[in-house]
Amino acid sequence: MHASGSVAAGRDTPFGNGTVAVFPSLALCLGGAFAWGLVMTACAFVSLHMEGRDANFHLDKLLLIYFAGGLFAWPIALPLARLLTRRRGTESRFSAHFVLLSLGTIAMTAFFFAMEYRLFYARWHQPFGTRIWVYQFVFTSIGAVYQFLVMGLRLYLPVGLPLLAGASLWLALSMPRYMR
């Protein structure tokens, strides 16, 4: 503590110097989000093609869901990983990017899958805002997320894992010098 009674900014605070920006540049945030969405789309398409299921009549919707999952996960995972690993070693930065980018991508893709699922079943649900509608919305969403976790996660493999590792390593090594 300083003589004034406040905690010193810098390494003594839980997240380092509070004035240092953790948000990536706009180009990295938007360009990376678009690129990550395309990479997730490619992962899903390659997996479907390897299984011989790329002729599916819902292919465009399915690929759009995987694109949206990657697109929206990137701008959430990247600043969070930077915040948690400021002034840490490369291994910690790599691990944080790997875990947060993978979990974020899975969570966002599951969310979009659940909303598409919900839209399909909405015609049979009670009117918006009723108690029964809330139950139907919640349990339909839970069922959709479960179905995604059981059947949809495998579409990230085998292509997604090495791309995730490569992206995480690149992000860990390219963090600005003032954050290391």
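Let's start close to the end of the chain, at proline 176, which counts as partly exposed at 21% relative accessibility. Buried means under 20%, so proline 176, at 21%, falls in the partly exposed class. This proline sits in the segment after α5. Its C-alpha atom is separated by 9.5 Å from that of valine 22, although the two positions lie 154 residues apart along the chain. Keep in mind as we go that this is a predicted model.

With that starting point in hand, step back to the whole chain. The protein chain has five helices and zero strands, and from the N terminus on its elements run α-α-α-α-α. There are 180 residues in the protein chain, of which 37% count as buried. The accessible surface comes to about 10600 Å², and 72% of that surface belongs to carbon and sulfur atoms. The pairing of proline 176 with valine 22 spans a long stretch of sequence, and the contacts of the chain give a wider view of such spans. Among contacts between residues at least 6 apart in sequence, 77% join residues at least 24 apart.

Now let's go inside. In soluble globular proteins, nonpolar side chains tend to be buried together. Here, the largest nonpolar core has 26 residues, and those with the most contacts inside it are Trp36, Tyr66, Trp74, Leu101, Phe148 and Leu155. Each of α1 (26-50), α2, α3, α4 and α5 supplies at least two residues of this core. The biggest share comes from α2, with eight residues.

Leucine 155 is a good member of that core to visit. Its place is in the loop between α4 and α5. Is leucine 155 buried or exposed? It counts as buried, because its relative accessibility is 3%. Leaving aside neighbours within four places in sequence, leucine 155 is in contact with Cys43, Ala44, Ser47, Leu48, Glu51, Arg53, Leu62 and Tyr66. One of these partners, alanine 44, is 111 residues away in sequence, yet the two C-alpha atoms are 4.7 Å apart in space.

Tyr66 also leads us to threonine 41, since it is among the contacts of that residue too: not counting neighbours within four places in sequence, threonine 41 is in contact with Leu63, Tyr66 and Phe67. Threonine 41 is in helix α1, and it counts as buried because its relative accessibility is 16%.

For a contrast, look at leucine 71 in helix α2. With a relative accessible area of 24%, leucine 71 is partly exposed. Setting aside residues up to four places away in sequence, leucine 71 touches Ala33, Phe34 and Gly37. Leucine 71 and alanine 35 are 36 residues apart in sequence, and their C-alpha atoms are 7.8 Å apart in space.

Next comes the largest pocket, which has a volume of about 560 Å³. Its lining is made up of 18 residues, and those nearest its centre are His58, Leu62, Phe113, Tyr117 and Gln147. You have already met Leu62, as one of the residues in contact with leucine 155. Three helices, α2 (59-84), α3 (90-121) and α4 (131-152), each supply at least two residues of the pocket lining. Which helix gives the most to this lining? That is α3, with five residues. Sorted by class, the lining has eleven nonpolar, four polar and three charged residues.

Two details of the backbone round off the tour. Most residues other than glycine have a negative phi, and most peptide bonds are trans. Arginine 87 has a positive phi of about 60° although it is not a glycine. This arginine is found in the loop between α2 and α3, and it counts as partly exposed because its relative accessibility is 27%. The second detail is a cis peptide bond that joins leucine 157 and proline 158, with an omega of about 5°. Proline 158 lies in the loop between α4 and α5 (160-173), and the loop between α4 and α5 is also the place of leucine 155.

Note on methods: Residues are numbered from 1 along each chain as its sequence is written. This is a predicted model: local features need pLDDT of at least 70, side-chain atom pairs count only at pLDDT 80 or more; totals for chains, interfaces and linings use all residues. Side-chain values use heavy atoms; hydrogens and water are left out. On a 1 Å grid over the protein atoms alone, a cavity is a set of points where a 1.4 Å probe fits but cannot get out, and a pocket is an open set with protein on both sides within 12 Å along at least five of seven lines; lining residues have an atom within 4 Å of a point. Grid points are joined across faces, edges and corners, and a volume is the space filled by probe spheres set on the points. Helices (H or I, at least four residues) and strands (E, at least two) are DSSP runs, numbered from the N terminus. Ala, Val, Leu, Ile, Met, Phe, Trp, Tyr, Cys and Pro count as nonpolar, Asp, Glu, Lys and Arg as charged, and the others, Gly among them, as polar. Buried means under 20% relative accessible area, exposed over 50%, partly exposed in between (1.4 Å probe, protein chains only). Contact means heavy atoms within 4.5 Å. Accessible areas come from the Shrake-Rupley method with a 1.4 Å probe; for residues, only the protein chains shown count as cover. A nonpolar core is a set of buried Ala, Val, Leu, Ile, Met, Phe, Trp, Tyr and Cys residues joined through side-chain atoms within 4.5 Å.
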